[in-house]
Amino acid sequence: MRSLLVAASFLFVAGLLFSTATTAKPVANTAAAHAHQFAREVTEASVPVGWTSFCKAQPAECVAGQKSVEFADLDHDRWEQLQQINSLVNHEIEGVGDNDHYGIYKLGIINWWTYPDDGAGNCNDYVLLKKKLLVEAGWPRSALLLTVVLDTHNEGHLVLMARTNDGDLILDNLTDAVKNWSGTGYTFIKRQTADNPNDWVRLESGRTPEELAMISKALASHSQ
């Protein structure tokens, strides 16, 4: 088991990475952005049980009324930060399911979100650590939103959406590439709001009606 100092060491390593000169280019300028670069909110949504339990354990991380901006300005340094934090956490954390990790089913818990302080966790834990590191690097909390999706296998998955003036960008433990939300191939379900992390909204899916019909049919068959 890794020590509880793992998260702190990430902050130190990330700080070194951020100070390194780089030649990578940020994504396209806002003036050339199209509407599909930003996910559209549709209606209110229920709060995931994992977030509710996380807030009971970490109430300081779930304080409402901290909105500073809705979109972070994506300059050269911030683009590098997104890439480096996404890759760093993906490679340093060992992927393991909640039940194998914590035995949550015996405790009557269906989903457990927490920081991967022992060096292991699932997609939810990756996301929480990435958000923490980005906030420590100076990103506004209100522009970093936990987002529920269906992955390319139509399985539930959690990613981090960084809302920037160049689009809604996704940090994902399944890939080191930081992508625009519409380029992930995922079905988008819901996310936190910028105003209050405890309020969630349903999103446009990012799929065509035909794709959604196929997904619904597959899920219905799987549930029988």
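**Exercise 1. Locate Thr193 in this predicted model, decide whether Thr193 is buried or exposed, and describe what surrounds it.**

Solution. Begin with the position along the chain: Thr193 belongs to the loop that runs between strand 8 (187-192) and strand 9 (200-203). Next, take the relative accessible area of Thr193, which is 14%; because buried means under 20%, Thr193 counts as buried. Then follow the side chain of Thr193, which reaches the backbone oxygen of Asn196 at 2.8 Å. Finally, setting aside the neighbours within four places in sequence, one finds Thr193 in contact with Leu145, Asp199, Trp200 and Val201.

**Exercise 2. Find how many aromatic pairs the whole structure holds, and work out the geometry of the pair formed by Phe38 and Phe71.**

Solution. The search of the whole structure gives 5 aromatic pairs. For Phe38 and Phe71, the distance is 5.5 Å centre to centre and the angle between the planes is 85°; since planes over 60 degrees apart count as edge-to-face, the pair formed by Phe38 and Phe71 is edge-to-face. The next step is to place the partners: Phe38 lies in the loop between helix 1 (6-18) and strand 1 (41-45), whereas Phe71 lies in the loop between helix 2 (49-57) and helix 3 (76-92), so that the pair links distant parts of the chain, 33 residues apart. As for accessibility, Phe71 is partly exposed, with a relative accessible area of 32%.

**Exercise 3. Classify the pair of Trp181 and Phe188, and state whether Trp181 is buried or exposed.**

Solution. The ring centres of Trp181 and Phe188 are 5.2 Å apart and their planes stand at 90°, so this pair is edge-to-face. Trp181 has a relative accessibility of 4% and therefore counts as buried, and Phe188, with a relative accessible area of 2%, is buried as well.

**Exercise 4. Identify the residues of the aromatic cluster that includes Tyr115, and find which charged side chains sit over rings.**

Solution. The cluster consists of Trp51, Phe54 and Tyr115. Over the ring of Tyr115 sits the charged end of Lys132, at 5.4 Å from the ring centre. A further case is Arg78, which lies over the face of Trp139 at 5.1 Å from the centre of that ring.

**Exercise 5. List the buried residues of helix 2, and say what they pack against.**

Solution. The buried residues of helix 2 are Gly50, Trp51, Ser53, Phe54 and Cys55. Tracing their contacts outward leads to helix 5, strand 4, strand 8 and strand 9, against which the buried residues of helix 2 pack.

**Exercise 6. Describe the largest pocket by its volume and by the elements that line it.**

Solution. The volume of the largest pocket is about 250 Å³. Its lining is made up of 25 residues, of which Glu61, Gln66, Lys131, Arg141 and Pro197 are the closest to the centre. Turning to the elements, helix 2, helix 5 (123-136) and strand 4 (144-150) each supply at least two lining residues, and helix 5 gives the most, with 5 residues.

**Exercise 7. Explain why the phi of Asn154 deserves a remark.**

Solution. Asn154 is found in the loop between strand 4 and strand 5 (156-164). Most residues other than glycine have a negative phi. Asn154, although it is not a glycine, has a positive phi of about 60°.

How values were computed
Residues numbered from 1 in each chain as written. Predicted model: local features only at pLDDT ≥ 70, side-chain atom pairs only at ≥ 80, totals over all residues. Heavy atoms only, no water. Phe/Tyr/Trp six-rings, centres within 6.5 Å; stacked < 30°, edge-to-face > 60°. Helix = DSSP H or I, 4+ residues; strand = E, 2+ residues; numbered from the N terminus. Buried < 20%, exposed > 50% of the residue type's maximum accessible area, 1.4 Å probe, protein only. Lys NZ or Arg CZ within 6 Å of the ring centre and 35° of its normal. Polar contact = N/O pair within 3.5 Å; in protein donor to acceptor, adjacent residues only side chain to side chain. Contact = heavy atoms within 4.5 Å. 1 Å grid on protein atoms, 1.4 Å probe; cavity = no way out; pocket = protein on both sides within 12 Å on 5 of 7 lines; lining within 4 Å. Points joined across faces, edges and corners; volume = space filled by probe spheres on them.
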